[in-house]
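Q: Got a minute to go through this one with me? I'd like to know which parts I can lean on.
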Amino acid sequence: MLETSGRLLKLLALLQSHRDRSGAELAEQLGVSRRTLRRDIERLRDLGYPVHAGRGTAGYRLGAGASLPPLLLDDEEAVAVVVGLRTAAEGTVTGIEEASLRALTKLEQVLPSRLRHRVTTLHHATVRAGAAPAPKVAPDTLMAIAEACRRHERLRFDYTSPHTSAPDPRTPEPRATSRATSRSTPPTAPRVRSVEPHRLVSFDRHWYLVAWDMDRTDWRTFRVDRLVPRTPTGPRFVPRALPEGDAATYLAHRLSSRAWPFRATVTLHESAASVGDRLWPGMGVLEPVDDDRCLLHLGAETPRDLAWMITSVDADFTLDASAPPELAEALRAQATRSLRAIRRP
């Protein structure tokens, strides 16, 4: 039989790993009687753990208390928490870096040496690369939007044009790169928007709000780093159904179908199901045709980018008649360059 202290730790681990445990099951796994189990439950309650007894059953549940009691983590959970805290300390949400580092320091101090070695090895062997610094978002802003989404309450906020930074009295005005630039792109004031918030989406190191725009009577996406919520929130509303079913899919379609300088539609000679995994989020919108064909609608900054995106899908394709002539030239140049590379003397 385990000693009392060790038995309490094992009992706590059992309660934390499952939502509801019967008294008979707990007593059997601990190797004690029901009476001893009840005494151990009382000891945990004295230590601040809110252990609730199920009504009508001889079961127990670990609930939420007024303060956070110590947690027991297995090896995989501890490593996952450490990696998550390191990521949060380098993430896009402002104001939580210091708290993340404090929690990380506390956790690393009590990690067993075998786990400390694993997480240290992982930390020193990896670097962050391939992404530009993302705009920072205040956690209070995220929480205000999340609460409005959860309560189904209308949200009003100041929204800044993409050509200017979000209004923040602590941030100095950006300097123009040239006189011509400052004359051609004058600062624009934030506009007040009223929406029915649906979901927050973290996409490509940016935060987006997917919402029903009350003024435009249509679905819209908003960059969270460009908005400042107004309080209080508005009246409650009945949630609407998104066109694509979920917020992540809708956002990916919106980002891929925005007003690019060059746009095209191509017919891929494969089914949408077979090529769907070859498209990265936001690359384009697939439209099924039949079992052997699908349409890909996409846009890009240059014809060369369009050509690269289309050929990267690795499927036979046919250009739509409305495709810009510059795209045909870009594809011809890409094909000529490839043939010249493999041509032997």
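Q: Where does pLDDT stay under 50?
A: Over residues 163-187. pLDDT is the predictor's confidence in each residue, from 0 to 100. For that stretch the model has eleven contacts beyond four places in sequence, a contact being heavy atoms within 4.5 Å.

Q: What should I do with coordinates where pLDDT is low?
A: Where pLDDT is low, don't read the predicted coordinates in detail.

Q: And which elements have the lowest and highest mean pLDDT?
A: Helix α8 (residues 179-184) has the lowest, 38, and strand β4 (residues 155-159) the highest, 95. Helices (H or I, at least four residues) and strands (E, at least two) are DSSP runs, numbered from the N terminus. For the protein, the mean pLDDT is 80, with 82% of residues at 70 or more.

Q: Any ground rules for the numbers?
A: This is a predicted model, where local features need pLDDT of at least 70 and side-chain atom pairs count only at pLDDT 80 or more, while totals for chains, interfaces and linings use all residues. Residues are numbered from 1 along each chain as its sequence is written, and side-chain values use heavy atoms, leaving out hydrogens and water.

Q: OK, switching to α3. Which of its residues are buried?
A: T36, L37, D40, I41 and L44 are buried in α3. Buried means under 20% relative accessible area, exposed over 50%, partly exposed in between (1.4 Å probe, protein chains only). They cover an arc of only 145° around the axis, so they sit on the same side of α3; the arc is taken from the directions from the helix axis to the C-beta atoms.

Q: What covers them?
A: The cover includes α1 (4-17), α2 (23-30), β2 (51-53) and β3 (59-62). On the face turned away from the buried side, α3 carries the exposed residues R35 and D46.

Q: What comes just after α3?
A: G48, which takes a positive phi of about 105°.

Q: New topic: how many residues are in the largest nonpolar core?
A: It has 21 residues, and L268, V275, L296, L298, L306, V313 and L327 have the most contacts inside it. Such a core is a set of buried Ala, Val, Leu, Ile, Met, Phe, Trp, Tyr and Cys residues joined through side-chain atoms within 4.5 Å.

Q: What does V313 touch?
A: L268, V275, R278, L279, M283 and L296, not counting residues up to four places away in sequence.

Q: Last one: how many disulfides?
A: Zero, with a disulfide being a pair of cysteine sulfur atoms within 2.5 Å. C294 is buried, at a relative accessible area of 0%.
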